[in-house]
Amino acid sequence: MDLQQLEEEALQAALKDIKNMLQRPGQLEKVEQYRNRIARKKASVEALLKTGMQNQLDGVLVGLKQLETCMQDVREVRQRMGQVDRLLRGVPEIYDALEVVREENTKHSQYATAMENLKHIFNVDASVQKTMALIDEDKLLNAHQCLADLENSRDDLLKELHKQSKQHASDKITLKRHFEKVETVSQALEKKLRLILSRTINTVRKAPTVIVTALRIIEREEKNDQFLLQQQKVTGFLPPNRPKEWRKMIMGVLQAAVVTRIEGSKVEERSDNKMWLVRHLEILRQIILEDLRVVKSLCVPCFPPHYNIFTEYVRFYHEGLSSYLDNIARSGLEGNEYVSILSWVMNTYPGVELMSHPDLNVDVQQLIGPLLRLEHLKSLEDEYLQNILRNYQEWMTKAAETEKQEWFSETFPDQDDQYYHTSAPVIIFQMIDQHLQVTNTIHQELTFQALVMSIRQVEVFGQTYLKNVIELKEHHFRNRDQIKYFTHYIITIVNNSQQMVELAQQMKQLYWPKSRTEHYEDFEKLLSTFQRIRAHAACYLLEEAFLDMECHFNDLFTVKWLASNIAVDTICVTLDDYFQDYNHLRPANFEMVINEAQKLLAKRYIRALLSKRLSKPRNECDAITRKINIEAKRFKQFFEKIAPKISLSDSPLDLISTLSALLISDIELLVLDLHTLLGSYPSLSEDHLVRLFYIRNDVKAAEVREKVQDAMKSKKAMVSSAKQDCIFKEIVFSDKLW
């Protein structure tokens, strides 16, 4: 570092600071203050510098002292290592010199062990017989003590053999053969413990001390296993048949007993009782609930806490049930057996009837998981839905065929409060309701799937039903003498279709979740299908009636018609006759048929009016108009008589009087009248109006056409306000008047 350069830089900085401080004359008076301030600042910096230097020097001093201490420690360690090295050089000589002592010590140890176990060595057979007798007498603690003494003698001798540097296999074989009956005693005691613990649920109620005794023996063996495994890490020696792992053994015994108890609860087969599975599952529920109560109240105090015996028993029953129910499902289920097993698995088992019972209070879902795997449950649900689907298809196909056979039979249809019907709609929806009630006991999602499937199958039934109805109609109209009760069964079909719609809506109210919008189009499709069947059948009713009146409609607006009322009288009498049968329609259907009959009658009458059958001068048109109005009024009175409770306001029959009024209108004001008429009925065509004025032969054809065309020019700007306007769309003539 260049000190001279630093001094020059400091000098330049000082001059710059002085120039900044003494820029104005008034600042000269403060020179002394500036000097004192700078002096204080200089003193402060010097003090900080001295402090920093002192700290550095102190740190260096401490470091030197520590280095000196480390050097002394290193010298001392080197000196001690040298001493240890000199001492170790004499160890091999000492080891060789003590060889004889080691051999004598080994012999002494073996002799001492032999002396301690002489009693058992010479009395092995007697000890074995005594122990077996104690086992037979159920004196298990004494038997286990004798067994432990025999095993300890054998193990001590084998351990001494293991310690010898020169081991002979024949010695071990001889010793093991001498003590081979000890293993037989151990197996006998194990068998006894297995037998006792396999009956734990029953034994713990009558003699809990027997269970406690068995568990004490098992715990002792567990401690012996752990001790010998620890010793093996040091000596490398492990006695024969160790570790015994009797605790693991008894847990297997308890689990096997649970499985046996589950499998032994089956009392009947499907061939014995159709409700076998329901009864079997209920027996299982009662057995498991009672057994777990016993475990919680009696076994828990008997078993050591670390066995966690209640949780283990819950796991045993859970795993045993899972495997058992899985086997039942795989062997094949029928009908409502799917529902029984699904409802039991998903509701009964984890619910308050079993695992969540106040006496048990086990959250099995959190503790272990579902009884059956989710994919297995889904498979069962799918199989159940397919089973329902097959039932639906089979039954509805049969129902449609039965209905069809009834239509062609000579049997009168059933009546309920005067209304014709068959039992098919009620039976169909009762069957669906039963299935949905059953699925509702499982879970809502399955119920929704079953509901959607049911709706689709009813819609398929509707399509078949409609096809059969059309076939019935075509068959009848080919030869109207073949089907005796055609009208009655068409009335039945109308009533049935309305009932199907009502029952479907009731089913939707009961089972369709308000939050679900998917598959709603399936429900709408079902309603549309049966409403279409209802409309078709109603049309077939009227088609038959109007077919009988065809010749009388042909007599309208002829010369014969002018002089007689026979045609209209016959039409009214014929309709009245048919409506005696139509009284067997349900009220909503009767009203629909009344409205359709009015519409069809108005259409046929207006068509006859426009059919160019009559052409008269203006003075005779007054009589024609009066006759038309009288007949229109008579038609309305007829419908008022047969349907007094149905409103006839805005009836299609009013169109007849409206059109007849044009026949007597002033030809000069005709355009205004047509404007008004077209405003209400935009579908009224030029052809219709020209045909209407064909009746008035006093008006030239060209003049009528001109006025009609003038009126038609403003037609596009008009909007229909009359619901009967559609009638004119349905009146079409193949020939043109002009």
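User: How many aromatic pairs does a search of the whole structure find?

Analyst: This is a predicted model, in which local features need pLDDT of at least 70, side-chain atom pairs count only at pLDDT 80 or more, and totals for chains, interfaces and linings use all residues. Residues are numbered from 1 along each chain as its sequence is written, and side-chain values use heavy atoms, with hydrogens and water left out. Rings of Phe, Tyr and Trp (its six-membered ring) pair if their centres lie within 6.5 Å, and planes under 30 degrees apart count as stacked, over 60 as edge-to-face and the rest as tilted. For the whole structure, the search finds a number of aromatic pairs equal to 25.

User: What kind of pair do the rings of Phe448 and Trp512 form?

Analyst: The centres of the rings of Phe448 and Trp512 are 5.2 Å apart. Their planes stand at 80°, so the pair is edge-to-face.

User: How many residues apart in sequence are the parts tied together by Phe448 and Trp512?

Analyst: Phe448 lies in helix H19, whereas Trp512 lies in the loop between H20 and helix H21 (520–548). Helices (H or I, at least four residues) and strands (E, at least two) are DSSP runs numbered from the N terminus. The pair therefore ties together parts whose separation in sequence is 64 residues.

User: What is the relative accessible area of Trp512?

Analyst: Buried means under 20% relative accessible area, exposed over 50%, and partly exposed in between (1.4 Å probe, protein chains only). Phe448 is buried at 3%. Trp512 is buried as well, since its relative accessible area is 8%.

User: Which residues touch the most other members of the largest nonpolar core?

Analyst: A nonpolar core is a set of buried Ala, Val, Leu, Ile, Met, Phe, Trp, Tyr and Cys residues joined through side-chain atoms within 4.5 Å. The largest one has 191 residues, and those touching the most other members are Tyr313, Leu556, Phe579 and Tyr582.

User: Which helix gives the largest share of this core?

Analyst: The largest share amounts to 13 residues. These residues come from helix H19 (residues 444–478).

User: What distance separates the C-alpha atoms of Ile490 and His421?

Analyst: Ile490 lies in helix H20 (residues 486–511) and is buried, with a relative accessible area of 0%. Leaving aside its neighbours within four places in sequence, Ile490 is in contact (heavy atoms within 4.5 Å) with Leu472, Ala537, Tyr540 and Leu541. His421 is 69 residues away from Ile490 along the chain, and their C-alpha atoms are separated by 10.0 Å.

User: How far apart are the closest N and O atoms of Glu471 and Lys404?

Analyst: A salt bridge is a side-chain nitrogen of Lys or Arg within 4 Å of a carboxyl oxygen of Asp or Glu, and the structure holds 36 of them. Glu471 forms a salt bridge with Lys404, and the distance between the closest N and O atoms is 3.1 Å.

User: How many residues apart in sequence are the parts that Glu471 and Lys404 tie together?

Analyst: Glu471 lies in helix H19 and Lys404 in helix H17. The pair therefore ties together parts whose separation in sequence is 67 residues.

User: Which of the two partners is buried, with a relative accessible area of 17%?

Analyst: Glu471 counts as partly exposed, at 35% relative accessibility. The buried partner, at 17%, is Lys404.
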